[in-house]
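Q: Got a minute to go through this one with me? I'd like the helices, the cores and the odd backbone spots.

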Amino acid sequence: MVPIVYYLILSAILFSIGVAAFLIKRNIISVFMSIELMLNAVNLTFIAFANHWHQVSGQIFVFFVMVVAAAEAAVGLAIIIAIFRTRSTLNVDQIDLMKL
Amino acid sequence: MHLLLFFIFGGFCVAGALNLLLQRHPINSALSLIVVMSSLAVLYLLLGAEFLAAAQVIVYSGAIMVLFTFVIMLLNAGREERTHGSWAAYLVGFPGAAAILALLVYIFLSNRGPLGNASLGNYLVTTSDLSRVLFRDLLLPFEVTSVLLLVAILGAVVLARKEH
Amino acid sequence: MTGSLNLWLIPLVPFAGFLVNGLIGRKLPKLLVTAIALICTLIPFLLVAKIWLEFSSVTTPYIEHLGTWIWTGAFHADFDLQLDQLTMVMLLVVTGVGFLIHIYSVGYMAHEEGYWRFFAYLNLFMFFMLTLVLSENFLLMFVGWEGVGLASYLLIGFYFLRDSAVRAGIKAFVVNRIGDFGFLIALFLLIAHFGTLDYHEVFSQIAQHPEWQGGILTAIALFLVLGATGKSAQIPLYVWLPDAMEGPTPVSALIHAATMVTAGVYMVSRTHIIFDRSPFALSTVAIIGAATCFFAATMGLVQTDIKRVLAYSTVSQLGYMFLACGVAAYSSAIFHLVTHAFFKALLFLAAGAVIHSLGGQQDMRVMGGLRKKMPVTFWTMTAAVFAICGFPPFAGFFSKDDILYHAFISPNGGKILWFVGWVTAGLTSFYMFRLWYLTFLGESRADSHELAEQGAPVHARSDSKLVIEAEHAHGVHDSPWVMLGPLVILAILATIGGFIGVPAAMGGHDEIGHFLEPVVGSGVRAPVGENSGLELALSASVVLIGLLGLLVVHILYKVKPDLSHKLATRFHGLYNLVVHKYWVDQIYGALIVTPLLLISRYLLKGLFDRGVIDGAGFAAGATAQGFGAIVQRVQSGNIRSYAGWLALGAAVLLIASYFGYTAHFSPQ
């Protein structure tokens, strides 16, 4: 008997840690991983609510989130490789060519 | 029992997440993330999402994180250097993140009554239930995601190709 | 009543002439330009003559409606022309004298490079002047009023390469503008009070309310007077007329003697019904007229430029006309306007002939002895001089006499006004005969080294781009007949022109007075027979003082030539004051022009224009730039700072939506 709220709070904690990691980390791959963490936290929320409302659509949504996360991870890592080839660095602070 | 399992695996999640945050070397962060994902899979099971738990392990931990690990290996990512990049991230970002956390917790706690409890097996979604919805009601989105994956594969191949 | 008189043709034919000559005149052969200009002035004259001959069959006032102009809810004004006795007189003068001067100009301006331009402007002037006298409402008159001011500016500054001419043109225009401002205020008051600007309606409204005296009517009248002082060169706005002599002499003759400057007198006569209701305004007009009359005459006494003398003479004679209006003797004013047009135009044209023959020389100190060399010019000018001095039976005698008699018998202070006018008649005689002597009689003083030492310009300054001295190297002689013809015709008119207004006291019928009676009223005309003795006595006194002036000139310039020099040295303070025109120009400059320039330059331009307006624009730009520079720092290209801002934004959104949500909906 676990109150749903506990799951939700856990998900909120994971999400915030993901945001914080995004802000702190300097390695671009680590930043990417924190994004995955955030996505997972949201997945947990969806499934918790699906359980509460007894609806399957919450889990459907998680399914699609996973698919998209997979695709995104593949493309994002390819981009990182491309950036690494040109800039030879994985430091986020040094990849700032798009400033004004 | 349910509660105990929740606390153990929930603790693993939080610990893994914190470790991801605190580790300097990306490979350590990646391994921590694998821990988080696997623990989350158990939590999904507790909530009655058996297919998704399996998918979590196979897709996330098994494919995506392996991919991450490969890339870390390929690019020979080393320890992070300490560079001073941006004050906004600390001065503005942390309060923002803290505010998000505080707000979410507050919202959830103020609505704890109506949300009730989850007990083991109170709602179990079998794979056939899930697939029934996927292949009948949501057939089009399902097919579209296959196209999406195709596009992603093509994009990844093109982007990661060596320039001639 | 016969059919339409087609009044609209009268102003529009000269306008067509202006368009043709103005737009393509540069490329046309000179003969064609001349033909167009003359035809476009002859046709109006013929039309006017035709109307004049049939005038008894015209019901007056005859109104011709040409089209709607302004039609708003409360106010409307149309393009309406009207014809009545007053307009008829003005039309005859404007078209007749105008045509003669056009003919004269063909000869005078024959060597000028801007020949086509001159005639284009002259035709434009005719158009506006005819519009002014033909219009049936104040608004159309104002169009003509402004238009003649424009034509005057263009023509004064005709020699635009000469700095003094350009400045004179601007001065004329600006001073006129001040008068026009008064005129405009009067128009606004008229609209506010009467709701309309039609002569017919305004005058009939006033006639229906005999109890309307003074008050707003005084205000309207005084503002109209301000406009008239500008256009007709009275105190305090006369200063432009002497400077306007920078223009070619035909311009001085037509615009600044015969027609434009009389527009003020015409306007006062036309609106006399307003003035009649306001004794204060009438007194103002009379005092201004008398003062200007005397004041200008004193300045004409010592001028050395032949055209300047005539300019001050014009101002003085206009003062007489204003004086007549001020004592409500409007027909006398118009009578003097007509005779003045004849002899003043003649004086200017003759002076122009002299100047032209001498190759541009205008200083009287180096003239002299022209009587034998230019006989026709001499005799015509003599007729004009006698006319302006008021010797019988020349025209000026009857008209000036008329004015002075009515001034004398006018109730408030009339005797003083008469006295001022009487003394001025003496002064007029003095300066006119002085001009006559210096120019035509005696020995020629050209090439006099003695005078050159005194600073007299012995050698002519060229008043055009071509030097015309070479042409007259073979000696001074009378002008060609194209210039002399108008002189002769005007001389005849100056001699016999007075016979249209012979008063009853001298056995005449005062035709012009009776003719104008339906329009300007009988005024204060004394009934026949009464005071005829007084009138004769006054006339005699005017003639006497005229003869006195002639005598003084004879003494000073013929019998004892160095006496004038001694007098000038003896009273040198007074002499200097008058020679420098009482320093009025300088006073105006210091009191009005310089402060205005300083305010404009430093306050309005420096502080307001550059500081506030440009500053506001600049500040807006600088603000946008500064703001942009600050916001630009957000775009650092650094992902982490973006993430920070994102987190903050997300938090804000969450808070806003949740607390906004709960405010509207209660939690389940």
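A: Here is a quick run through the chains, their contacts and some local geometry.

Q: What kind of model is it, and how are things numbered?
A: It is a predicted model: local features need pLDDT of at least 70, side-chain atom pairs count only at pLDDT 80 or more, and totals for chains, interfaces and linings use all residues. Residues are numbered from 1 along each chain as its sequence is written, while chains are lettered from A and ligands numbered from 1 in the order in which they are written.

Q: Start with chain B. How many helices and strands?
A: Chain B has 7 helices and 1 strand. Helices (H or I, at least four residues) and strands (E, at least two) are DSSP runs, numbered from the N terminus. The order along chain B is α-α-α-α-α-β-α-α.

Q: How much of chain B is buried?
A: Of its 164 residues, 31% are buried. Buried means 20 or more other C-beta atoms within 10 Å of the residue's own, exposed means 12 or fewer, and partly exposed is in between; C-beta atoms are placed from the backbone.

Q: And which share of its contacts is between residues 24 or more positions apart?
A: In chain B, 57% of the contacts with a separation of 6 or more. Two residues are in contact if their C-beta atoms, placed from the backbone, lie within 7 Å.

Q: What about chain C on those counts?
A: Chain C has 27 helices and 2 strands. Buried residues are 49% of its 668. Residues 24 or more positions apart make up 80% of the chain C contacts with a separation of 6 or more.

Q: Back to B. At what angle do H2 and H3 pack?
A: About 175°, with the axes 8 Å apart; H2 of chain B is residues 26-46 and H3 of chain B is residues 50-75. So H2(B) is roughly antiparallel to H3(B). Axes are lines fitted to C-alpha atoms, for helices over the stretch in contact, and angles run from 0 to 180 degrees between N-to-C directions. Under 35 degrees counts as roughly parallel, over 145 as roughly antiparallel, 65 to 115 as roughly perpendicular and the rest as oblique.

Q: Which residues meet there?
A: On H2(B), they include B:Ile27, B:Leu33, B:Met37 and B:Tyr44. On H3(B), B:Leu52, B:Val57, B:Tyr60 and B:Phe68 are among them. This contact of H2(B) with H3(B) has 17 nonpolar, 4 polar and 1 charged residues. Ala, Val, Leu, Ile, Met, Phe, Trp, Tyr, Cys and Pro count as nonpolar, Asp, Glu, Lys and Arg as charged, and the others, Gly among them, as polar.

Q: How many residues do B and A put into their contact?
A: Chain B gives 71 and chain A gives 59. H3(B) supplies the largest share of the chain B side, 11 residues. By class, that side of chain B has 55 nonpolar, 12 polar and 4 charged residues.

Q: And A with C?
A: There, 10 residues of chain A are in contact with 10 of chain C. The chain A side has 7 nonpolar, no polar and 3 charged residues.

Q: Now the cores. Which residues touch the most other members in the largest one?
A: C:Phe125, C:Leu323, C:Ala345, C:Leu346, C:Ala384 and C:Ala494, in a nonpolar core of 202 residues. Helix H15 (residues 330-357) of chain C gives the largest share, 19 residues. A second, separate core of 83 residues includes A:Leu10, A:Leu14, A:Phe46 and B:Tyr44. A nonpolar core is a set of buried Ala, Val, Leu, Ile, Met, Phe, Trp, Tyr and Cys residues joined through C-beta atoms within 7 Å.

Q: What does C:Ala384 contact?
A: Leaving aside neighbours within four places in sequence, C:Ala384 contacts C:Phe343, C:Leu346, C:Leu347, C:Ala350, C:Ala491 and C:Ala494.

Q: Odd backbone spots: where is C:Pro236?
A: In the loop between helix H8 (216-231) and helix H9 (240-243) of chain C. The peptide bond from C:Ile235 to C:Pro236 is cis, with omega near 0°. C:Ala233 lies in that loop between H8 and H9 of chain C too. Its phi is near 55°, positive in a residue other than glycine.

Q: Is C:Ala233 buried or exposed?
A: C:Ala233 is buried, because it has 31 C-beta neighbours inside 10 Å.

Q: And A:Ser88, buried or exposed?
A: A:Ser88 is exposed, with 9 C-beta neighbours inside 10 Å. It takes a positive phi of about 55°, just after H3(A).
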